[in-house]
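Trainee: I would like a close look at one part of this model, namely the aromatic rings and what surrounds them. Please also go through the cysteines afterwards.

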Amino acid sequence: MLLQTAHLVGLQLCISCCWAYSCHNTEPSPDFSLPGDYLLAGLFPLHAECVQVRHRPEVTLCDRSCNFNGHAYHHFQAMRFAIEEINNSTALLPNVTLGYELYDVCSESANVYATLRVLSVPGTNHIEIQGNLLDYVPKVVAVIGPEDSNSAATTAALLSPFLVPLLLEQIPKVNFLLHEDTVTFNDNGGPFSGYTIIAWDWSGPNWTFTVIGSSTWSPGWLDINETKIQWHGKDNQVPKSVCSSDCLEGHQQVVVDFQHCCFECVPCEAGTFLNKSDLYSCQPCGKEEWAPEGSQICFPRTVVCLTWHEHISWVLLAANSLLLLLLVGTAGLFAWHLDTPVVRSAGGQLCFLMLGSLAVGSCSLYGFFGEPTLLACLLRQALFALGFAIFLSCLTVRSFQLVIIFKFSTKLPMFYRAWVQNHGAGLFVLISSMTQLLICLTWLAVWTPLPTREYQRFPQLVMLECTEFHSLGFVLAFAYNGLLSVSAFACSYLGKDLPENYNEAKCVTFSLLLNFVSWISFFTVARVFQGKYLLAVNVLAPLSSLSSGFSGYFLPKCYVILCRPDLNSTEHFQASIQDYTRRCHST
């Protein structure tokens with residue numbers, strides 16, 4: 001891995017050198033270089049970069065009189081002076097002569113160019129590609145500068161593979177007197193003596209220096225007089241030395257750079273929380289918990305089912321029980337008036353099958369209350385689908401039979417005779433009901449509805465429900481009931497001009513339309529509604545269908561039996577039939 005890295009870095013530097021030398025070929029000025037046993041490089045921005053239009057990549061010429069940098073020039077001269085002082089001393093580095101190459105790095109391109117020059121092989125202007133960079137010896141042993149962070153980062157990235165340091169290998173051996181103080185260095189290049197902390201004041205045309213504190217190594221001691229520090233902020237306010245401010249609660253710190261103090265504050269997503277022990281990543285909540293966006297803790301989910309003691313449950317139970325009592329009462333009323341024209345025209349004994357099927361569907365609704373069990377999941381939707389299918393089959397065949405009697409008995413006598421002799425009405429109801437029974441049995445066997453805890457739809461709730469709505473069997477059963485509803489509607493519409501006592505088109509159309517609206521509303525609400533009372537909608541839709549079927553077909557007949565007995569007579573029905581016959585002959 002080290003060998004591959006070395007080749008890669010070497011190749012990159014080789015390409016960079018070729019580009020730099022082809023764009024701008026400049027030798028170090030003699031005034032900026034000094035030969036010696038060991039060379040030090042200095043990178044100082046003596047000039048600011050001039051803004052100009054460039055048509056190709058090139059190294060910026062730094063000898064233009066754009067903007068002279070006096071601060072960098074002082075550093076430049078300080079390095080020259082320090083090296084000359086060391087060379088003139090017989091005590092600092094005896095028998096060693098230091099040299100230097102000083103570069104004006106007025107731009108990023110000039111900085112890269114200068115860094116590549118100091119990495120070149122002594123006596124040449126190129127960098128050799130070697131398998132082991134640890135054996136590579138550049139012309140300089142150390143580099144001082146650049147002074148700004150961006151340029152320093154670029155220079156450090158180029159120097160680090162070659163292990164070039166801001167320290168010499170011989171520095172631990174240095175021991176000299178400076179203004180009556182002994183200067184020595186440890187193995188890491190740090191001085192053993194103390195420091196005098198000096199603040200530079202750049203506010204005026206002339207620089208001033210103020211001693212604001214001092215420190216010593218042995219014993220370790222630091223003293224700073226904060227009142228002498230002149231900050232650049234308003235009213236001498238201390239600037240914040242942080243890259244990013246602390247995040248709000250529930251916001252994770254996403255590091256955007258290689259420094260951990262520089263980050264963006266991102267709120268934790270819903271369903272996650274920020275643990276104070278780890279400020280850099282949000283943790284997911286448990287399966288039985290939830291959390292809103294930007295949360296520090298998770299909350300227990302509310303377990304929801306349509307319990308027996310809730311107010312909405314009481315309303316639905318009361319409505320369903322009332323419907324069941326009306327069905328039983330209507331059955332008794334029809335049994336008491338079985339031989340009257342109204343009951344015979346409604347279907348006679350077929351009415352009891354219709355009322356019984358509606359009662360079965362009504363009883364199935366009690367399975368929606370309380371915590372779901374296996375038995376409730378198996379029976380509640382299947383019983384409703386089967387019971388309502390029987391009712392729709394009876395309604396369809398009853399409407400069809402009236403149309404045959406009044407419209408096709410004379411036009412198609414053979415068909416009418418075969419229908420009556422082969423008990424066509426009963427046969428249709430049997431076949432239609434058995435078809436729905438087969439669909440329901442297949443549904444329960446293949447896509448068995450089971451009690452489940454649903455976690456996906458509502459983040460703060462755990463829905464106790466059955467898996468019935470997520471199966472193909474549910475779709476098939478209710479699609480079949482939809483087909484029967486359309487058939488019943490079509491047959492009742494064909495009989496819209498029948499005698500008034502037999503014309504049920506308006507009532508049947510009303511009940512079927514209410515049935516369609518109930519289920520369309522149910523599926524719409526099931527997709528968009530976000531609340532615990534979605535379970536109540538599961539009861540309201542079938543309850544509306546049963547109520548519409550009962551009110552559309554049976555209530556008008558109950559009204560005639562109880563309130564208009566004059567219309568419940570053979571004479572009235574015969575008069576109505578005769579009136580219909582006269583109208584047919586006249587047309």
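Mentor: What follows starts at one helix residue, moves to the rings beside it, and ends with the cysteines. Keep in mind that this is a predicted model.

Begin with S545, which sits in helix α13, residues 534-553. S545 has a relative accessible area of 0% and is therefore buried, since buried means under 20%. Leaving aside residues up to four places away in sequence, S545 touches F384, F388, N515, S518 and W519.

Two of these contacts, F384 and F388, lead to the rings. A pair of aromatic rings is described by the distance of the centres and the angle of the planes. In the whole structure, a search finds 14 aromatic pairs. One of them is F384 with F388, which is stacked, at 5.6 Å centre to centre and with 10 degrees between the planes. Both residues belong to helix α8 (residues 374-408), where they are four residues apart, about one turn of the helix. F384 is buried at a relative accessible area of 1%, and F388 is buried at 4%.

F384 also pairs with F478: the ring centres are 6.0 Å apart and the planes stand at 25 degrees, so this pair is stacked, as the limit for stacking is under 30 degrees. Because F384 lies in helix α8 and F478 in helix α11 (residues 472-494), the pair ties together parts that are 94 residues apart in sequence. F478 is buried, as is F384. Taken further, F384, F388, F391, W443, F474 and F478 form one aromatic cluster.

Now the cysteines. A disulfide is a covalent bond between the sulfur atoms of two cysteines. The count comes to four disulfides, and one of them also involves helix α8: C377 in that helix is joined to C466 in strand β18 (residues 461-466), 89 residues away. The S to S distance is 1.9 Å. The torsion about the S-S bond is about -75 degrees, so the disulfide of C377 and C466 is left-handed. Both cysteines are buried.

Another disulfide joins C268 and C282, with sulfur atoms 2.0 Å apart. C268 is in the loop between β11 (263-267) and β12 (272-273) and C282 in the loop between β12 and β13 (283-284), so this pair ties together parts that are 14 residues apart in sequence.

C351 and C394 are a contrasting case. The sulfur of C351 has its closest cysteine sulfur in C394, 9.0 Å away, which is too far for a bond. C351 is buried at 0% relative accessibility, and C394 is buried with a relative accessible area of 0%.

Technical notes
Residues are numbered from 1 along each chain as its sequence is written. This is a predicted model: local features need pLDDT of at least 70, side-chain atom pairs count only at pLDDT 80 or more; totals for chains, interfaces and linings use all residues. Side-chain values use heavy atoms; hydrogens and water are left out. Helices (H or I, at least four residues) and strands (E, at least two) are DSSP runs, numbered from the N terminus. Buried means under 20% relative accessible area, exposed over 50%, partly exposed in between (1.4 Å probe, protein chains only). Contact means heavy atoms within 4.5 Å. Rings of Phe, Tyr and Trp (its six-membered ring) pair if their centres lie within 6.5 Å; planes under 30 degrees apart count as stacked, over 60 as edge-to-face and the rest as tilted. A disulfide is a pair of cysteine sulfur atoms within 2.5 Å.
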